[in-house]
Every structure is written in C-alpha cells, then in structure tokens.
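Please read the following report with the structure open beside it. It deals with how strands are arranged into sheets and how helices lie against them.

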Amino acid sequence: MLSINDLHARVEDTTILKGLDLEIKPGEVHAIMGPNGAGKSTLGYVLSGRDGYEVESGSVEMNGKDLLDMEVEERAQAGIFLAFQYPVEIPGVSNMEFMKESVNAIREARGENALSSAEFLKKAKDACKQVELPLDFLKRGVNEGFSGGEKKRNEIMQLIMLEPKLAILDESDSGLDVDALQVVAKGVNSQRDGERSFIVVTHYQRLLDYIQPDYVHIISNGKIVKSGGPELAKEVEASGYAWLAEAEGVDA
Amino acid sequence: MSEQIDQALARKYDAGFVSEIESETFPIGLDEDVIARLSAIKGEPEWMLEWRLKAYRTWLKMDEPDWAHVDYPKVDYQSISYYSAPKSMSDKPQSLEEVDPELLRTYEKLGIPLHEQEMLAGVAVDAVFDSVSVVTTFREKLEEAGVIFCPISEALHKYPELVKKYLGTVVPRGDNFFAALNSAVFTDGSFVYIPKGVRCPMELSTYFRINEQNTGQFERTLIVAEEGSHVSYLEGCTAPQRDENQLHAAVVELVALDDAEIKYSTVQNWYPGDEDGKGGIYNFVTKRGLCEKNAKISWTQVETGSAVTWKYPSCILKGDNSVGEFYSVALTRGRQQADTGTKMIHLGKNTKSTIISKGISAGRSDNAYRGLVRMGPGAEGARNFTECDSLLIGDQCGAHTFPYIESSNPTAIVEHEATTSKVSDDQLFLCRQRGLDPEKAVSMIVNGFCKEVFRELPMEFAVEAGKLLEISLEGSVG
C-alpha cells in the first residue's frame, strides 16, 4: 500500500534522509528503530507532508498515488495518520469538537456522510474507553493541561476515531511507564485488522514487546541499514546501536 | 506556513453590496444651519435643537484625539453629508406593508428578516438605515410589558421628558471630540426604557446599515433600566464596500438604576477596507454605562469590521455593590487598526469589575487593548480582574496592550493578567494532519481562543459571531 523509493529529504540545509527504501503491504506492522538523529521522526514528517521537510529526490506512492504531490490534509484524508511524539495544545477547542471536525472532514473527503451527533458520541466514548481515558477528556481543550501519558493516549484515541489506512506512531512510548505503555499498545493492537498498516518508530525495543512487528528496520544516517523480523529488535536491545558506528563509521 | 496564512487572510466581505434606493441626502458640510435643518426634519422640540447647537459650539473648540495607536488621514468634516434617508421614509410608513420593499430586501440579504413571523423568536429588531429607523418589530408585545423600544427620534416626540431627563447624563455633550460631534448631529438610534421591576420579555436588537456614499452615520442609543429591571440588547452593523472611508461616530448611554441589569452586546462588522487599506469605516464610538446601587452592566463585543476602531465601552460603578463587565473579541486583518478596550470607574463600595479582552491580529493589522481601571477614594473593598490575551496570526501584524491602573483606595484590589501567543505551525500542522483544511484549522483555533467571550453572547448571536469569524478568516490560510 506504501512504497518508498530512494527518498532523500532535508530540513533547512541538512539532508537527513539519504536514500531510504521501504515497502509496506496492507496489514503489516513495520518497526523503525535507530539511534537519535538517524532520521526516524523525519520519515514520519516527510510522509505526512509537514512544511519545512523538503523532499530532494525519490518517490513515495500510496495505493498507486503520488503521496508527495498531496497537501497535508489530503494525505490525512487519504488515510495517513501521525501520532505525534509531542502533541501540541489547542486551548479552548475541546477534544470533542476537534475530533468531530476531523472525523467529518475525512469522511467528507471519502464521500461519506457526516456522522450524526449520536453516532459520533458513541464512537468517541468507545475510543476513550479503549485507551482508558475518562470521558470528561472529550470536553477538555485538546491536550490542554494533559500529562505526558494522557497526551500519548489521546493520540491513540484519535487514531481509533479516524480509522487510517497507515498509522505512523512517532515514539509513542517515550515518557510512558509500563502501565501506560500497555494501554497504548492495547489501543494500537485493537486497530490491527489485517488491512491497516503501521509504522512504529521507536528508540527502544520495549514497545515491541507489546506491539509485535512483522518487520524491524534499523535506520542509520538517513537510510535503512538492516531489516529483519522481531528478533532484530532483541539484538538491538542486547547490543545497542554501537555496532552501527563500527560497521559504517557513523556516529551513533 | 506563514505564506499560507497570508493567502488565507485575503478577505471576503459578504455585506458589501449597495442597495439602489432613492435617498434624500443633505449636501456635504456642517454648520449651525445644517443642524437646524436636521432638527427641523425630525420635528424636534426646541430644547433639543439648543442642546445640539451647544454641543456643536463645544465641538468647534475641540481637537480630534491623537493618542490612540492608530494612524489614518485626518477626516475632513466639511466633506461629509450629515443626513441621508430613503425618500420612501419621508412618508412615515405606518406598517411594514408600506415600507419600501427594497429596504426590506436589504435587511433580508443581511440575514435579518423584518417580518415578525420570519424572525428569530424572541428578538425584537430596530432597523436603522443611514440616518433613519426603518422599522421596529414586536412593538405591541413589548408595550404590553410596559417596555419602550423605538427610534430615538420618535422617543423625542412621544416621551420627551424621559429623553430629556437622561440624554447626556452618562456621556455629556462635551465628553470628547466624537461625542460632541455626535451630540450635535446625531440622527437616529434606539431608545429603550424598561419600567421598574420589569424583565424585558425579549432580546432587543438594532441593526445599523450605512448605504449612502459620503455620509456619516451618527447614531445615538439611550437605554434606561429602572429599578430592579432587566434587559438584554444587541446591535449589529454593516456597510457596503466602498473605496472612500466613511465615518461612524456613535454614542451609547446606558443607565442602570438600583438593582437593574443591562446586558449590551455588539457584533460589529462594518466594511473594513480592502487588502491595501483602501476604504472602510472609521468607527469612533463612545459607549458608557452608569450603575447605581447593586446594578450590573455587561458589555460584550465582537469587533471584526471597520478600517479604524476607536472604542472603549465603559462602566461607571457609582452605586455600592454594582458590577461592571467587559468581554471583547477584536479581530483585525489586512490593514485594519483597532484601539479598543474599556474603562471601569469604581466609585462605590464593594464594586466589582471583570475585563476579558481577546485581541486577534492577522495580516498587516494592528490591534491594541487600552483599558483604565480606576479605584476612587470611596471604592472600599472594590475589586477588578483583567485578563488580556493577544493572538497573532502570521508575522506582520502587531498586538499592543496599554493598561492603566489608578487606585486611590488602599482596600481596593486590582488584578491584571496578560498573554500573547501565536497560532503556531505546530497547531496548524496538527489540525491539517487530522484532515482539516488550513482555513478551518485557523478558524477553529481562533474560536477556541475566543471561547470565554462567546459564552457571554446571547445564544443566537454566539453562533452568528462564530460564523462571522469564520467568514472574516476565510482565505487567511490556504
């Protein structure tokens, strides 16, 4: 469903992705691991189309369409979802309003009818339950005064609401204790339905104990340097990323 | 992202059409003869003409204020016409059926049907077109409750004693340059009188429309709430899109006697001028309310229009335990300039005031909050809380805050909080990543920022205000 070919991208004057290739089929979960600064988060931003992340060369196709040619919101409407590492606050806009606008914008783009208030509310309540957020979170401002863990769970709540085709989780485990991590993982796993694909970006193997990937890719210096199954994550856990530096003369 | 914001700020003004209506308009220029003619057309009592002339003579000696954070070419007061009225109105139509249909269509186009059966239930409307009131709805129903709601020109005939008793008591003739000018030449506006102990059974509202070219609109509104009465009033304003600047210099006076409550809301959407600052309304307005014992006056304003705004709805908290409130959203874009805020003058004991001001600046506009909180020597135990928040959209606009605090009573407490924030790229990206287009995203962020103020508007108008912001921001990101 997604095919990334020889992708080069930069932020300001620094080229960060230097020839990245990745092929994702429907229903697959791909974990992207790597040292800080390797380009893990950049990949998520480039795929979602964030301003300031400039593609120098290469291509990204999603279900046969040129993803790079689309606006940010068009990509979202086409089914790309990014769970943010640091979700931002929108004071005064309730989670409920935000999600309602969002769900309906995406439905509209897909030629579906807007949800009625009752339908929407039911969906929102279910999503909250799945990530163990109290219902009053729907009334609170988006991320306004949320703890780190609450923000992360709120991202997964949105994932559940928006039913994307490809969900990119950008370090959704960072800053979480084990209990919160399990909640996040449970929420994500509930969305694995054999069709929806995932890119799970993480620094640590820990998250992958709870979200079992089909493939693990190690990214270093802007490209994938090693790919394998879940066992690769264990290797990294045991030996860290130092071997990359030895293997490639790259700073880990 | 800022490029997109700029595009998004390209404006669209829905109320910018001109109505083809034959008008009787005075030649431009102002002198005592013009005032006498104006007073004669309205058939005013002698004392009213005297009052106007005194105001005019005071005005001649005054200078236009220049302390506000706004910059505009000086107005030539001799190049304005001081009276313009649809010809059809000179026959004094007695009912809606006799009113020129073109006039009714104008209000319909603005979303204000004047046929009672089509109107928002529970809202009475006075429609003022250039210098005259076209129609006032639901009058009979209001009369049953003893409420007077009519054009001020009519009140001068029917209730001269009431008008004489209160006119100029809150905003004196010589209060300031624009108030003096208004006192000399005011044409129409609304008069509201709520008798003792009466809770006005409906929302009252006035819609001001400027149509004619080269005219000024000088309306005067007077609201008197007798002891223990209660009224909620809303005004809305629009004008056609023209290349010349037009002057709107209004005076609003509110009198809240013991235990009375007046809620005054404004949705101001005068034509703001084009992208380069050409045309637009100069909105120079004096609004002030007087609170007697235990009375409460609450000002809520949503200001999205006008090229230049100079406006400080204020409360004189004279009576003990009286309460003043000011809730404001001021949005400027393009080349708009706004200098707006409030004055809370605490004279009585245990008086309380709350100021919540939300300024939103976009494009190359300038938005200033200017507020005065004065605690007089007798303001034992008085309290004020001020919150003043600015939101910047893009990087070419300005937000300014000028709070003045004067306290002559050591027991009075004044609190002031202020914040400035930006619609950040992160917020926009989050919204767009969730499928919202940039315009929708900005309007949602701005609406969230204004929530505290919108909550204060009467329900029907809160929706309208939200929509207005949406239209105003249309094209502000793209």
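In this predicted model, strand E1 (residues 2–11) of chain A and strand E4 (residues 53–62) of chain A run antiparallel and are joined by 8 bridges. One position shows how the partners line up, since the bridge partner of Asn5(A) in E4(A) is Ser59(A). Both strands belong to an open sheet of 4 strands with antiparallel pairing, whose order in chain A is E2-E1-E4-E5. Strand E2 (14–24) and strand E5 (65–66) of chain A form its edges, and each of them pairs on one side only.

Another open sheet has 6 strands in the order E6-E9-E10-E3-E11-E12 (chain A), and here the pairing is mixed. Because strand E6 (80–83) and strand E12 (223–228) of chain A each have a single partner strand, one side of each is left without a neighbour in the sheet. Neighbouring strands of this sheet are turned against each other by 20° on average, direction ignored. Within it, strand E3 (residues 29–33) of chain A runs parallel to strand E11 (residues 215–220) of chain A, with 4 bridges between them, and Met33(A) stands opposite Ile218(A) in E11(A).

Helices H1 and H5 of chain A pack on this sheet, as the table sets out.

| Helix | Strands touched | Angle to E6(A) |
|---|---|---|
| H1(A), residues 40–48 | E3, E6, E9, E10 and E11 of chain A | about 145° |
| H5(A), residues 148–162 | E6, E9 and E10 of chain A | about 165° |

What does H1(A) lie across, besides the strands in the table? H1(A) also lies across E1, E2 and E4 of chain A, and runs at about 105° to E1(A).

Methods: Residues numbered from 1 in each chain as written. Chains lettered and ligands numbered in written order. Predicted model: local features only at pLDDT ≥ 70, side-chain atom pairs only at ≥ 80, totals over all residues. Heavy atoms only, no water. Pairing = 2+ DSSP bridges. Helix = DSSP H or I, 4+ residues; strand = E, 2+ residues; numbered from the N terminus. Axes fitted to C-alpha atoms, helices over the stretch in contact; angles between N-to-C directions. Contact = heavy atoms within 4.5 Å.
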